[in-house]
Each structure stands twice: as C-alpha cells, then as structure tokens.
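Biologist: Got a minute to walk me through this one? I'd like to go over the sheets and a helix.

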Amino acid sequence: MHYATRERAGRTLAKSLSHLRGSDPVVLGLPRGGVPVAFEVAKALDAPLDVILVRKLGVPWQPELAMGAIGEGDVEVLNEDVVRHAQLPREAVDEVRTKERQELKRRAEALRGRHPHAPLAGRTAILVDDGMATGATAAVACQVARAAGASRVVVAVPVASPEAMSRMRVCADEVVCPFVPADLGGVGGAYVDFHQLDDVEVTDLLARSNEKSS
C-alpha cells in the first residue's frame with residue numbers, strides 16, 4: 001500500500017476512526033507531518049484540531065535514529081538500549097536534549113501563537129502522525145496527553161512498523177493503523193509525496209480548522 005499524499009492518508013485513516021465520533025474527541029497532530037493527516041481526521045469526525053508538541057531525540061551522527069523523545073511539560077522517554085548500543089556519553093544526550101527543548105519552545109510559539117491548548121480533561125485524545133518507525137515520539141505524546149487530563153488516548157497513523165505497534169499497545173488505550181508492513185524501512189517510503197512541511201503550512205491548516213469549528 002502507498003499513499004499519494006498525507007491528505008489522502010488522512011482520509012483513509014479517518015474511515016478506521018468513525019467509531020470515535022461520539023466520544024467527544026480532540027484530534028492532535030504531531031507537527032509537522034502529522035498535521036495534514038490530522039486535519040482530514042478532524043474534519044471527518046467533526047472534532048477540534050490542535051497540535052501536540054513532541055521532539056525526537058536523534059542520535060547525533062544519525063538523526064533519523066531516535067534514542068528517545070521529549071514533550072511539553074518536561075515529559076521525556078529515553079530508549080536506553082539505543083543509547084547503550086550507540087555508546088553515547090551522557091553529555092551528548094544532554095546536548096541533544098537542550099537543543100530539542102529550544103526547538104520545542106520555538107514551535108509552540110510559532111504554531112500556537114496566542115491560541116490556547118485545546119482542553120483535554122475528560123476527553124478522548126486522538127494522536128495522529130504521518131507514520132511511526134520506532135514509536136518513541138508517539139510514546140511521549142501519549143504521556144503529554146495523559147498529563148493534560150485526557151481520559152482516553154488513541155494513537156492513529158496511516159503506516160507503522162510492527163515494533164512501533166507493539167510499543168504503542170502499551171502506551172495507548174487504542175492503536176489504529178491500516179498499514180503495518182513487515183519491513184517498513186522508513187515512513188517516507190509509504191508516500192508518493194512526502195515533502196518537508198514548513199510552519200506556514202501547519203498554521204494554515206490549524207487556522208482553517210478553527211474557522212470551521214467557530
């Protein structure tokens with residue numbers, strides 16, 4: 001299975017989430033790539049759209065390899081196996097963490113601006129990304145959502161590795177993914193168009209969603 005775009009993937013994913021329409025859901029896209037997917041899900045479920053801000057902690061010489069992730073509210077998940085296998089000194093981990101916390105703050109200001117967080121207390125949080133390779137980022141996002149008071153956390157992605165699915169079943173109340181290849185390789189391989197989004201594309205989608213819900 002391949003998706004033409006993130007938008008198409010979002011429409012496909014939304015069909016697997018129709019049972020959540022009556023659960024008072026809030027759809028939370030993981031910037032940047034998860035937001036176009038989340039926009040389509042929110043539209044299909046007639047639910048509010050927000051972002052949940054999480055940053056991957058990449059191994060310094062192989063940034064695509066996640067050794068963990070951080071989220072708003074000082075939430076952090078560290079994959080000690082990756083840190084140990086990469087023989088990373090704590091100073092290197094601290095350096096990456098500091099850099100990503102700065103980027104987390106910048107993104108919060110750039111994407112949300114003056115808009116407040118969508119309230120999650122007592123609601124179903126649907127965390128949406130464009131795919132999961134390791135699940136480290138989504139694992140932190142689950143913790144952030146629970147810390148904000150979500151009563152139920154659902155992770156929904158168009159494509160994921162078996163490893164990530166196993167990880168998410170421990171972190172989330174429900175995991176929805178229509179495409180789980182045995183050998184994912186990389187999330188981008190499941191898309192024809194997997195261009196790098198910028199902040200403007202994300203803020204535009206958030207603004208469009210807010211206009212529809214107002």
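**Sheets and a helix**

Modeller: Sure, and keep in mind that this is a predicted model. An open sheet has five strands, paired in parallel and ordered β2-β1-β6-β7-β8.

Biologist: Which strands stand at the edges of that sheet, each with a single partner?

Modeller: An edge strand has one partner, so its other side is left without a neighbour in the sheet. From one strand to the next, the twist averages 25 degrees. The two at the edges are β2 (49-51) and β8 (174-176).

Biologist: Which residue in β8 stands opposite valine 154?

Modeller: Look at β7, residues 152-156, which pairs with β8 in the parallel sense over three bridges. Across from valine 154 in β8 is glutamate 174.

Biologist: There's an open sheet of three strands too, with antiparallel pairing. Which helix packs on it?

Modeller: The order there is β3-β4-β5, and β3 (54-59) and β5 (75-78) each have a single partner strand, so they stand at the edges. Neighbouring strands are turned by 40 degrees against each other on average, ignoring direction. The helix touches β3, β4 and β5, and its direction makes about 150 degrees with that of β3; it is α4.

Biologist: How far apart are the end C-alpha atoms of α4?

Modeller: The helix covers residues 90-112, which is 23 residues. At 1.5 Å a residue it should span 33 Å, and the model agrees with that: the ends are 32 Å apart.

Biologist: And which residue just after α4 takes a positive phi?

Modeller: Buried residues of α4 include Leu111 and Arg112. Just after the helix, phi is about 60 degrees at glycine 113.

How values were computed:
Residues numbered from 1 in each chain as written. Predicted model: local features only at pLDDT ≥ 70, side-chain atom pairs only at ≥ 80, totals over all residues. Heavy atoms only, no water. Pairing = 2+ DSSP bridges. Helix = DSSP H or I, 4+ residues; strand = E, 2+ residues; numbered from the N terminus. Axes fitted to C-alpha atoms, helices over the stretch in contact; angles between N-to-C directions. Expected span 1.5 Å × (residues − 1). Buried < 20%, exposed > 50% of the residue type's maximum accessible area, 1.4 Å probe, protein only. Contact = heavy atoms within 4.5 Å.
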